[in-house]
Amino acid sequence: PGLVHSQSLSSNSPRCDPGLLKNLEEKLRDSSGSELLLDILQKTVKHPLCVKHPPSVKYTRGFLSELIRKHEAVHAEPLDELYEALAEVLTAEERTRCHRSYLLPSGDSVTLSESTAIISHGTTGLVTWNAALYLTEWALEHPAAFTHRTVLELGSGAGLTGLAICKMCRPRAYIFSDCHSRVLEQLRGNVLLNGLSLEPDVTAPVQHPGHDTRDPESPRVTVAWLDWDVVTVPQLAAFQPDIVIAADVLYSPETALSLAGVLRRLSACREDQQALEAYVAFTVRNPETCQLFTAELGRAGIQWETEPRHDQKLFPYDEQSETAILKLTL
């Protein structure tokens, strides 16, 4: 069960905790029959989510090959079901799109349609990155930050964090945003794929809580085109956000400066209101880019602090790379 606790074959390339693999080898040695591997098959390749929304062929092939290798290292007798499953994907054609499905602690799931390429159509926003997984874990550990509030996400990408928040944290409204047409198209599809409804007018302001008669379990969801370099203070004010989040958007000096600029304008929206909190999750690829961003925040008079590392490890990602969340007060 540990193999699929929070993710059913969701990656484009095989990733697994070495300790988990060692644990699997020990369990295989201790099991006399094939029940364990059949159970793993049912919870991964044969899981209803994976059957309905298949992961990439490359990943499934690598996953099954690794299972077969583990089995053969311990048991002499081959397991037909493993080879039959592998035979199905060996002849399958790799497509430009695949699905990633993430199991949430509630038993619900988020399924994303994504590109199989890291860079596609001139953008990296068509796949899920580590900081989005990390921010999603943080959000699920802090649901009160989003409950009955309007959330604006900057640079939503494939949509994992927002969809998980919509399903688990009961926001009043959620605004996914990006500036790339392909990313926005994919976002709309992923919102609908996960059973949520889209508001037809992405620029309509959210109702005041006192007049909002919607079911709090069904957030108002919009997908908005938002270019950080050209959006104006009145346009940002129309969203009426209570909290702002962003993940994996500090990957270059240019994006760091653009992000600082849009945060400065968001801060200007709140002159006569309560301060707005923003949470920015990022993987430290270049420390100088992070320093540039925090320096720009200082110039804009935006206070920031680093959030403590959270304990909720739900999704597999590279823990060797440093990932952090900055809490900003706008």
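Begin by selecting Asp-248, a residue that is buried in this predicted model, its relative accessible area being 10%. Then add Arg-285 to the selection: the two side chains meet in a salt bridge, with 3.0 Å from N to O. The pair links distant parts of the chain, 37 residues apart, since Asp-248 sits in the loop between β7 (243–247) and α10 (253–268), while Arg-285 sits in the loop between β8 (277–283) and α11 (287–299). Unlike its buried partner, Arg-285 is partly exposed, with a relative accessible area of 44%.

From these two loops, turn to the strands that were named with them. Select β7 and β8 together, and you will find them paired in the parallel sense over five bridges; to place the pairing, pick Ala-247, whose bridge partner in β8 is Ala-281. Keep β8 selected and add strand β10 (residues 323–329), which pairs with β8 in the antiparallel sense over seven bridges. Here Thr-283 can serve as a marker, with Thr-323 as its bridge partner in β10. Six of the seven residues of β8 are buried, so the strand is largely enclosed by the rest of the structure.

Next, select Asp-108 and Lys-167, which form a salt bridge whose closest N and O atoms are 3.6 Å apart. This pair, too, links distant parts of the chain, for Asp-108 lies in the loop between β2 (97–103) and β3 (109–115), Lys-167 lies in helix α7 (residues 160–168), and 59 residues separate them. Asp-108 counts as partly exposed because its relative accessibility is 34%, and Lys-167 is likewise partly exposed, with a relative accessible area of 24%.

For the last stop, move to helix α4 (residues 57–74) and select Glu-66 and Lys-70, both of which lie in this helix, four residues apart, or about one turn. They form a salt bridge in which the closest N and O atoms are 3.7 Å apart. Which of the categories, buried or exposed or in between, applies to Lys-70? At 6% relative accessibility, Lys-70 counts as buried, because the cut-off for that term is under 20%, whereas Glu-66, at 27%, counts as partly exposed.

To finish, colour the whole set of salt bridges, of which the structure holds eleven, the pairs visited here being among them.

Terms used. Residues are numbered from 1 along each chain as its sequence is written. This is a predicted model: local features need pLDDT of at least 70, side-chain atom pairs count only at pLDDT 80 or more; totals for chains, interfaces and linings use all residues. Side-chain values use heavy atoms; hydrogens and water are left out. A salt bridge is a side-chain nitrogen of Lys or Arg within 4 Å of a carboxyl oxygen of Asp or Glu. Helices (H or I, at least four residues) and strands (E, at least two) are DSSP runs, numbered from the N terminus. Buried means under 20% relative accessible area, exposed over 50%, partly exposed in between (1.4 Å probe, protein chains only). Two strands pair if DSSP finds at least two bridges between them.
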